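Reader: I would like to take a close look at a single part of this model and then see how that part sits among the rest. Please take your time over the packing and the burial.

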Amino acid sequence: MTSRRTPLDPRVRAIGLALALGGLMVVIDTTVTTVAVPAIVSGLDTSLPAAQWATAGYLLGLVAVIPLAGWLSVRHGARRVYLAALLVFTLFSALTGLAWDVTSLAVFRVLQGLGGGLLNPVGQAIGLRAAPREARGRLMSLLVLPLVIGPVLGPLLAGWLIDTASWRWIFLFNIPLGLLATLVCARILPREESPGPRKSRRKTRTGWLPPLSHRPGDSSETQPVRAAQPVRAAQPVRAAQPVRAAQPGRAVQPDPAAQPDPAAHQDRAGRPDWVGLVLLSGGAVIVVVGATLVDRLESVGVALVVIGLGLLGGFAWRARRVDDPIVDLRLLRHRPVRAGTGVLVLFAAAYFGSMAVLPLFVQGVRGDPASVVGLIGIPQAIVVGLVAQVATRLVDRFPARRIVLTGTALGTLGGSLLLTAIGTDAGYPWIMAATVVLSAGSGATLMPTMTVALRDLDHAETPRGTTLLALVVQLSNALAGAVTAVTLSLLVTRAMQGSGSGVPGSGSGVPGSGGGVPGSGGGVPAMLALDEAARAALRPELASAVAGAYLLPVVLLAGSWLIAYRSLHSAR
């Protein structure tokens, strides 16, 4: 169609680039923190499990606040929420850099995550609202720019800052970047009318985006500003929406009678479902805590995961019975949303949940330094970003099913090749080739699928849709990462026990009759503690054990292809 080839509106492009600047800060922060964990251990004189809360604490804040993203956008306006999240992220980045012990570091990282967790779903909602349907793929290609730059720049920047200054500067670096992003977004992001009750009683400045919602039945006595808008006041909202039935990509239209009235929805913006919030945020946080503990304190971690999943199940039950749930699961009635969520959950869980396996192979099986992991990751990061740029733009011109099927097929092939390369202890060129194929699949799957799932949602549904996707992806990543970590620990422990070898010079052995390294969390710490001679003797067994951790991710990748094949027929 000719309309799909029209140039992107310059103002929409400016919004996409401004949001990409805020996203870049988050991606860089995520990549540098992983590199900085060893320096934090020595700098704060703490243990490795304690220092890992620099990452786990941020994830806790993330999953705790994501359920509120949609409600906050409705209550206060997406622009205000996004700017506030940028300032919160920047402030607690500075405090994290000034942390005096590991406890203060973990607390500040949790609070930093409260800001970071809002940036992605709220930013996507702003961008998608700004662009017409036929240009939303190109808009999302701008939002994916941080995935091109961040994974390449982050590790290099972290290494340079840690070597020349201190680990603290990887967080202090966010201060100028965060202030710049706040100023740029404050100038470029469109103003919108806040739907909160206080805002409706005074004059507001609106940009070229429509307001989040309006009250068709408001009287001139209570709404003097709206009295000057007779066309909007006289036209019921539902009568003005027959066009949505003709939109492609939405096979099943919800019953208009089942949709919440905009006026009622506006009123409920001030009354969140607190019970649902406790169930959802509490369950999400407990799942993440359990996932981080499951490889060290298996019984406690598994128990927490089960409790957290029970709370999430309680929220799912409640969300079907309240008028305005904190996260709207009713959006899953739309076929593109339902199919896209299924693809994203499985593919993202496999892709991100297995990211810790390759570094352990490089350092634990091969005995090479962490810098080798960074070098392997450079072509991987470049490929995922470039493919995402192309694939997300193509969604505007070609059937999305073809693009997502190609991406999930490449991901499954890349995961299988990586499993084979590591299991056979192949050379690094073969491993890099497998990661490049897997990354190409990721680039052709994640953002295009997200675009397909969200682009047909209306103005009010968009922030709720981005919140739903962000939450389920984060939870699936945490669960898949926990399962992969437990699998890896068990396989490595069994490989070392089967050899009957010890850990020279470590002060604790790997007994032939059981147990791993006492107090160390299992076989992975013991593997990392091996000297050169012991590692060389165990290398074939360890390579096979580490490769076994990729079995679940490959199954999940294949499952994402199957969902795309069966469910994305009408998503175009």
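Which residues are buried in α3?

Author: The model is a predicted one, and what follows should be read with that in mind. In α3, the buried residues are A54, A56, G57, Y58, L60, G61, L62, V63 and V65. The helix itself covers residues 53-65, and its length can be checked against a simple expectation: at 1.5 Å a residue, its 13 residues should span 18 Å, and because its end C-alpha atoms are 18 Å apart, the two values agree.

The partner to consider for α3 is α6, which takes in residues 102-130. These two helices pack at an angle of about 40 degrees, and their axes are 6 Å apart. That angle makes α3 oblique to α6, since an angle counts as roughly parallel only when it is under 35 degrees and as roughly perpendicular from 65 to 115 degrees. The crossing in which α3 passes α6 is right-handed. On the α3 side the contact is formed by W53, A54, T55, G57, Y58, G61, L62 and V65, and on the α6 side these meet L105, A106, R109, V110, Q112, G113, L114, G116, G117 and L118. Sorted by class, the residues of this contact are 10 nonpolar, 7 polar and 1 charged. Several names appear both in the contact and in the list of buried residues, among them A54, G57, Y58, G61, L62 and V65.

Helix α6 also packs with α4, a helix of residues 69-76, and there the axes come within 9 Å and cross at roughly 65 degrees. The helices α4 and α6 are therefore roughly perpendicular to each other, and their crossing, too, is right-handed. A69, L72 and S73 of α4 make this contact with L118, P121 and V122 of α6, and the classes here are 5 nonpolar, 1 polar and no charged residues. L118 of α6 thus takes part in the contact with α3 and in the contact with α4.

For another kind of helix pair, one can turn to α16 (residues 357-365) and α23 (residues 532-548), whose axes come within 10 Å and cross at roughly 165 degrees. That makes α16 roughly antiparallel to α23, and α16 passes α23 in a left-handed crossing. The residues involved are V357, F361, Q363, G364 and V365 of α16 together with R535, R539, L542, A543 and V546 of α23, and they divide into 6 nonpolar, 2 polar and 2 charged.

Burial can also be followed in α13, which runs over residues 274-293; at 1.5 Å a residue, its 20 residues should span 28 Å, and the 28 Å between its end C-alpha atoms agrees with this. Of those 20 residues 14 are buried, so α13 is largely enclosed by the rest of the structure. G290 is found in this helix, and with a relative accessible area of 0% it counts as buried. The C-alpha atom of G290 is separated by 4.0 Å from that of G301, a residue 11 places away along the chain. When residues up to four places away in sequence are not counted, G290 touches G301, L304 and V305.

A480 offers a further example, in helix α21 (residues 461-499). A480 is buried, with a relative accessible area of 7%, and, leaving aside neighbours within four places in sequence, it is in contact with A349 and G353. Computed along the sequence A480 and Y351 are 129 residues apart, yet from C-alpha to C-alpha they are 9.3 Å apart in space.

D425, by contrast, belongs to a loop, the one between α18 (400-423) and α19 (428-443). D425 has a positive phi of about 55 degrees although it is not a glycine, and at 22% relative accessibility it counts as partly exposed.

As for the whole, the protein chain has 24 helices and 0 strands, and 53% of its 572 residues count as buried. Among contacts between residues at least 6 apart in sequence, 80% join residues at least 24 apart.

Key:
Residues are numbered from 1 along each chain as its sequence is written. This is a predicted model: local features need pLDDT of at least 70, side-chain atom pairs count only at pLDDT 80 or more; totals for chains, interfaces and linings use all residues. Side-chain values use heavy atoms; hydrogens and water are left out. Axes are lines fitted to C-alpha atoms, for helices over the stretch in contact, and angles run from 0 to 180 degrees between N-to-C directions. Helices (H or I, at least four residues) and strands (E, at least two) are DSSP runs, numbered from the N terminus. Angles under 35 degrees count as roughly parallel, over 145 as roughly antiparallel, 65 to 115 as roughly perpendicular and the rest as oblique. A crossing is left-handed if the near helix is turned anticlockwise from the far one by less than a right angle, and right-handed if clockwise. Contact means heavy atoms within 4.5 Å. Ala, Val, Leu, Ile, Met, Phe, Trp, Tyr, Cys and Pro count as nonpolar, Asp, Glu, Lys and Arg as charged, and the others, Gly among them, as polar. The expected span of a helix is 1.5 Å times one less than its number of residues. Buried means under 20% relative accessible area, exposed over 50%, partly exposed in between (1.4 Å probe, protein chains only).
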